[in-house]
Amino acid sequence: MSIIDQMAKLLNKIIVSLTAFFICFCWVFALTKQNLIACLIGLCLGVGCFLLMILYDKNVSPKPTKSQQAQKNKADQLSLAFLDENCVKQLLNFKNFSLEDNGTLFATKNDVTYFVAIHFGFSPFGCQDLANAFKKAKPVDNILVFCNQVDKEVCDIAKQVGINLVVYQQKQVVEMFAECNVEMPKIAKKPKPKILYFMFNKNRFRQWFGSAVFLTFVSWFSPFGLWLLVWATLTFSISLYCLFNKQFNVVEKSLL
């Protein structure tokens, strides 16, 4: 995890803890009218929230979101698309295959010889690709395919023709390459957002504006009405800044 991500998570914990402290302080003060008691109870709740969030982060391994997983899959597909035959040979050697390359690549293991078909393009390995591989493989009936994706009909066609087909698709191939430490082409990742870009981007307008409206409404009923109006004015100003500033709304170019 980068320093920016760590700082963003810490900032999030601090904001949540301060919010818990302030809400607790307001409730206790409204009930007891005692500043010291309200401050102590609010402080205990705020510190407790902060410690609970730290404990939660340590015990829960973060899972990638759907968008993060989709981005990773796209990066893996791009990386595989630029692999050459030599990388596949290194992988097969690592897996203890003996290789024969006379214009076409054959791999033998446990006295079984496979024709190796490499199809790391952006289109799936289809029935026509299977037919082309079968013609090149003769008289061998065993075909080993490395590809990003395979059409569903391919396996059924292979059974009908009598081909012993072994297919490794994107996820399996990436894991195998990681295991044998073969260097894959590096694809640029989407740059991590900086804290200020995250806080003052126009996408944050609704959060800041909603906070301003909420604080203004609550100020009518709270004994801290003046302070809440100050905060409401500040958050409303920030919401307008998010909407119109150019400094934190620059679209950064990236490959993905």
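**A walk through the core, the helices and a few odd corners**

Hi everyone, let's start with one residue: L91, which is found in helix α4, residues 85-94. Helices here are DSSP runs of H or I with at least four residues, strands are runs of E with at least two, and both are numbered from the N terminus. Before going on, please keep in mind that this is a predicted model, where local features need pLDDT of at least 70, side-chain atom pairs count only at pLDDT 80 or more, and totals for chains, interfaces and linings use all residues. Residues are numbered from 1 along each chain as its sequence is written, and side-chain values use heavy atoms, with hydrogens and water left out.

So, is L91 buried or exposed? L91 has 1% relative accessibility, so it counts as buried. The cut-offs are under 20% relative accessible area for buried, over 50% for exposed, and partly exposed in between, with a 1.4 Å probe and protein chains only.

Which residues does L91 touch, leaving aside its neighbours within four places in sequence? They are F146, M176, F177, C180 and V182, where contact means heavy atoms within 4.5 Å. Take V182: it sits 91 residues from L91 along the chain, yet their C-alpha atoms are separated by 7.2 Å.

Now to helix packing. Two packed helices are described by the angle between their axes and the distance between the axes. For α4 and α7, the axes come within 10 Å and cross at roughly 70°. The axes are lines fitted to C-alpha atoms, for helices over the stretch in contact, and the angles run from 0 to 180 degrees between N-to-C directions. That crossing makes α4 roughly perpendicular to α7; the classes are under 35 degrees for roughly parallel, over 145 for roughly antiparallel, 65 to 115 for roughly perpendicular, and oblique for the rest. On the α4 side the contact is made by C87, V88, L91 and F94, and on the α7 side by M176, F177, E179 and C180.

Next, the core. In soluble globular proteins, nonpolar side chains tend to be buried together. A nonpolar core here is a set of buried Ala, Val, Leu, Ile, Met, Phe, Trp, Tyr and Cys residues joined through side-chain atoms within 4.5 Å. The largest one has 21 residues, and L80, L92, V116, F146 and F177 touch the most other members. The elements giving two or more residues to this core are α4, β2 (105-109), β3 (112-119), β4 (142-147) and α7 (170-180). Of these, α7 provides the largest share, five residues.

F177 deserves a closer look. Beyond its neighbours within four places in sequence, F177 is in contact with L80, L83, C87, V88, L91, V182 and M184. Apart from the largest core lies another, of 17 residues, with F115, V140, I143 and V150 among them.

On to the loop between β2 and β3, which is where we find N110 and D111. N110 has a phi near 55°, and D111 has one near 65°; each is a positive value in a residue other than glycine. N110 counts as exposed, at 69% relative accessibility, and D111 is exposed too, with a relative accessible area of 79%.

Last stop: where is P139? P139 is in the loop between α5 (127-137) and β4, and a cis peptide bond joins K138 to P139, with omega about 10°. Thanks for listening!
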